[in-house]
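Q: Please take a close look at one helix of this structure and at the loops around it. Begin with the chain that surrounds it.

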Amino acid sequence: MAVQIRNVMKKYILILFTVTGLFSCKGFLDEEQVANLTQDFYTNEVGLESLINGLYVYARNKHEWDGSGARLIETETDTYQTASAPVAQLNVGEYGNDLSRIAGNMANFLGAVNSTYAPMGAYPHINNCHIALETMDELAPGRFGTDELFLNTRRAEVRFLRAWAYYLISNQLGDVPILRQARYETDGVFYYPKSGIEEVYEHIIADLRFAYEHLPVLQNDQGRVTKLAAGHFLAKVYLNRAQGANFQNSAEEHLRMLYKGNVTTDLDSTIVLASEVINLAGGEGGLAVDYWRLFDPAIAEANPENEILWAAQFDVNLTLHARFDNRSVNYHTGNYTNQSGVTRSMMYGRPFGTFKPTDWGYDNFTDRMYDSRYAKTFQHEYIANMPENTSTSYTWGAAAASWWNANKPADAPTVTATEKRIKQNQRAIIYLENTRETALDSAMVHSQPYQFMARWVRSAVSDRYYYRLFIDGSNLGLATGQPAPYLASRKHVDPMRGGSADEANFNSESGTRDAILMRLAETFLIRAEAYGRKAQYGLAVEDINVIRRRAAFKAGDTRPEVLVRWEPQAAELAPEELVAPYTAASNTFSKIAVTESHFTPGTAEANRQGYMPSITSKEEAFIHFIYNEKAREFLSEGLAWEDLHNAGILYERTAHYNQMASDRSGLWPVASNTANGTGQDGNGKGQLAKYHTFRPWPNAFLIQLTDEAGNPLDEAARKAYQNPGY
């Protein structure tokens, strides 16, 4: 039965976020009552309902608070990295100890306070969940005591949200404490022994099974969890446990730490639950018809697609956010303003340049002429928006001007040295992620009336190859000291930052867009992975092709000009597709349809997937194909780190594909423009270690722990509590 999801009453639930002061701890270990509310507030129906609604603030945890959530769930994977070189390289001071930046992020993730001393993070949230559950069980005020369906729906929501918290922190840390009951005040005893991740998963599954049984398929308030979200989440958790089932006796400690139990029915449970969710959501018809509709702010905010099973709620009325806004809208856009004639604009986003794809993140899109996700995920060009008298455009040099005048289109004006290259309302920047084998002529690339940011160029004079040159010939990226402008994901761009489309808000960090947490496309790929792990490859291929059918260009879709003009694959297009407006003549699904040959080692299709040399079996190749496909579908959506981690392949894939994180040599092509041991010399630049697949317990947390009598833990006990390697 297809379900039409209703998106109404969003402001209602957001308003309740603001009035709920969240009676809880300022931090996990420093429990004090919020001054403006007392516990009595939650003992009546209105107060308890307010508390439950306020718990939904935690849904924002991946996307708010100065990147502490996003930095933990988004980067240092095979396809995505931090733009800052020390962080991307996993420098010890930034990443590798219990006082590092990552440890600070973990401290916030576990539980701390914001600037107004409102508690946030996993354990304050979990404590609030216990308060809500205990109040429902012991007092059941008003409707909670008279309407069992209502009571169980709200109880199911709370248990779902509690499971979400345990899921997020166990992904990061492995074994974590399980809170057994609410704490209303401090007694000086902070005895929180860790529970094994197997027990944590049993706790998560129990909560989600209750949620799945008692949540309705529809909720009136946009943002509330539903049966569809609970079923999706539960299917994923069963899959995660199945992924780790063979790691119990692994020789690798970071893999043994992923063992969550061995239940022989987990893959079957994944398939059953995913199938029920898919059927309730309308099957393939439950997907958005067009991939970009999921992210287009003109559509997604007013009429979110039914494909979205759960999203963290934000709003253009910033007073409804209570704590922080959607900060992820700032993190994915590179600097498009450097000598480009483009100033910051609401359309393009604030150019923080925080997170970016790796080279492999781009190269993984192997069918750019036929798979529309590459065209629709990235911002391929920028248009100059500055008048000439104030433009930051760089100027023509004599050699570039001479080349352009000799080779320009007949209808283009001639240019002279020292005049500004980039004119207002004209193209300012284009990006091409090509390979060394398809390097373009350097004179041509650097003699255009815009910045042409090609990854590889070749000198026709010297026959040398150059990697990521800036317009002045300087080196970019790979720890050379100058971050590279980059082809940026546009999934998070928010033209309503600051609460309106007024260009005066161009510097605002206050994002207003909802943040997608679960969508039906992932449900299909969760089921596909479960089928494949049972060697039911035909059924897995059917699910993958559901996603591929949506990904294909449809007749009438347009391709970005930069792809049609400069991608080698464009030579295969029909003549009418090579002229503006570069419209696809037909559906391209036949070009990207998946067969078992895509994960059968030795086939041409498998070779194009770029599998690691260690992948020699069909069973292994299938798993890596799934994660290649998930990267194409969900790039920059905050799923990759936790998914690769739980599958036990985060270290291998990151070390092989992410040059900034890797410490390996000889895996990448070599360029002529290396400098002082940096740049593209073919070697990794990082310090990635296997223990990095789990995070450190922050020292600020460890020093507050006590034994059962309230005595602080000694150094040996704190060391035993810490994760290996830190």
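A: Buried residues, those under 20% relative accessible area (exposed is over 50%, partly exposed in between, with a 1.4 Å probe and protein chains only), make up 62% of the 726 residues in the chain. The model is predicted, and local features need pLDDT of at least 70, side-chain atom pairs count only at pLDDT 80 or more, and totals for chains, interfaces and linings use all residues. Residues are numbered from 1 along each chain as its sequence is written, while side-chain values use heavy atoms and leave out hydrogens and water.

The overall dimensions come next. The radius of gyration of the chain is 26 Å, which agrees with the value near 27 Å for a compact globule of 726 residues; the radius is taken over C-alpha atoms, and the globule rule is 2.2 Å times the number of residues to the power 0.38. Along the principal axes, the C-alpha atoms fill a box of roughly 85 × 55 × 55 Å. Among contacts (heavy atoms within 4.5 Å) with a separation of 6 or more, 72% join residues 24 or more positions apart. The secondary structure comprises 28 helices and 16 strands, where helices (H or I, at least four residues) and strands (E, at least two) are DSSP runs numbered from the N terminus.

The helix chosen for the close look is H20, residues 537-551. Its 15 residues reach 21 Å from the first C-alpha to the last, close to the 21 Å expected at 1.5 Å a residue; the expected span is 1.5 Å times one less than the number of residues. H20 is mostly covered, with eleven of its 15 residues buried. The buried set includes Tyr537, Val541, Ile544, Val546 and Ile547, and also the charged-type residues Asp543, Arg548 and Arg550. Ala540, Asn545 and Ala551 are buried in H20 as well. The partners against which the buried residues of H20 pack are helix H16 (372-377), strand S16 (515-519), helix H19 (520-533), helix H22 (589-592) and helix H24 (618-634).

Several loops adjoin these elements. Alanine 535 is placed in the loop between H19 and H20, and has a positive phi of about 65° although it is not a glycine. Proline 581 belongs to the loop between helix H21 (561-566) and H22; the peptide bond that leads to proline 581 from alanine 580 is cis, with omega near 5°. In the loop between H24 and helix H25 (640-647) lies serine 636. Serine 636 is not a glycine, yet has a positive phi of about 70°, and with a relative accessible area of 2% this serine is buried.

H19 also links this region to another helix. H13 (residues 266-280) has buried residues that pack against H19, as well as against helix H10 (197-214), helix H11 (227-243) and strand S6 (308-312). Among the buried residues of H13 are Leu267, Ile271, Leu273, Val277, Ile278 and Leu280. Just after H13, glycine 282 takes a positive phi of about 105°.

An exposed position offers a contrast with serine 636. Alanine 460, in the loop between strand S13 (456-458) and strand S14 (465-467), is exposed, with a relative accessible area of 57%. The C-alpha atoms of alanine 460 and serine 442 are separated by 7.4 Å, although the two residues are 18 apart along the chain.
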